[in-house]
Amino acid sequence: MEQQTKWKATVSTRLENANADQIWPFFKDFFGLHKWFPGLPTCYGIHGSNGEPGCIRYCAGFSLPSVDGAAVSWCTERLIEIDHVEMSLSYEIVDCNTGFMSYIASMKIVPAADSGGEWSIEWCFEVEPLVGWRLEDLVPKYESGLQLMVKKMEAAVSDSS
């Protein structure tokens, strides 16, 4: 029997109206994802201190359907690592009802490849293939989610200045 390899993908979006130092505080607020991520009404800490490796958040209500027929999709995610100098973090799904297994992701703010002084956000993930999905269908959800999230963050920066 042939074993399927894990799906891996990276999506990114450029910061247009903010710089890395202005955006990083939003990302390091691990328990505050609901403030920025489109269609995610619920996110809060259930273990540990916000932004400290090992802390766990509960997220519910995103657009991926549950595999158990529940009305609300949910997951618990553990912060694996955070680097304030490199402006990066990685996390894993501990439990969920969406079918994600062996899910690990990282988000980082990096210099944009083709410009001096501009920044991009990269979101990389690795997951076992999801039943009923194709990677080509999942990646656009990540792309649009990241773009909308960054626009909300940039708007918050603009509103505060």
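1. Start at the side chain of Asn97: one of its polar atoms lies 3.1 Å from the backbone oxygen of Val72. The same side chain also reaches the backbone nitrogen of Trp74, at 2.8 Å. Please keep in mind as you look around that this is a predicted model.

2. Where does Asn97 sit in the chain? Its place is in the loop between strand E5 (88-96) and strand E6 (104-111). Is Asn97 buried or exposed? Asn97 counts as buried because its relative accessible area is 3%, and the cut-off for buried is under 20%.

3. It is worth displaying the surroundings of Asn97 as well. Leaving aside neighbours within four places in sequence, Asn97 is in contact with Pro65, Ser66, Val67, Asp68, Ala70, Val72, Ser73 and Trp74. Val72 and Trp74, on this list, are the residues from point 1: Val72 through its backbone oxygen and Trp74 through its backbone nitrogen.

4. Next, the nonpolar interior. The largest nonpolar core has 48 residues, and those with the most contacts inside it are Ile23, Phe27, Phe100, Tyr103, Trp123, Phe125 and Met149. Two or more residues each come from strand E1 (7-14), helix H1 (20-28), strand E4 (74-83), E5, E6, strand E7 (119-127) and helix H2 (135-160). Which element gives the largest share of this core? That is H2, with nine residues.

5. Trp123 is a good residue to centre your view on, being among those with the most contacts inside the core. Setting aside neighbours within four places in sequence, Trp123 is in contact with Ala9, Thr10, Val11, Phe37, Tyr91, Tyr103, Ala105, Ser106, Met107, Tyr142 and Leu146. One of these partners, Tyr103, is itself listed among the core residues with the most contacts.

6. Now step back to the whole fold. The protein chain has two helices and seven strands, and along the sequence they follow the pattern β-α-β-β-β-β-β-β-α. Of the contacts with a separation of 6 or more, 50% are between residues 24 or more positions apart.

7. What about overall dimensions? The C-alpha trace spans about 50 × 35 × 25 Å along its principal axes. The radius of gyration is 16 Å, which agrees with the value near 15 Å for a compact globule of 161 residues.

8. Finally, the surface. Of the 161 residues, 43% count as buried. The protein chain exposes about 8,900 Å², and carbon and sulfur atoms supply 50% of that area.

Note on methods. Residues numbered from 1 in each chain as written. Predicted model: local features only at pLDDT ≥ 70, side-chain atom pairs only at ≥ 80, totals over all residues. Heavy atoms only, no water. Helix = DSSP H or I, 4+ residues; strand = E, 2+ residues; numbered from the N terminus. Buried < 20%, exposed > 50% of the residue type's maximum accessible area, 1.4 Å probe, protein only. Polar contact = N/O pair within 3.5 Å; in protein donor to acceptor, adjacent residues only side chain to side chain. Contact = heavy atoms within 4.5 Å. Core = buried A, V, L, I, M, F, W, Y, C linked by side-chain atoms within 4.5 Å. Rg over C-alpha atoms; globule rule 2.2 N^0.38 Å. Areas by Shrake-Rupley, 256 points an atom, 1.4 Å probe, with all protein chains shown as cover.
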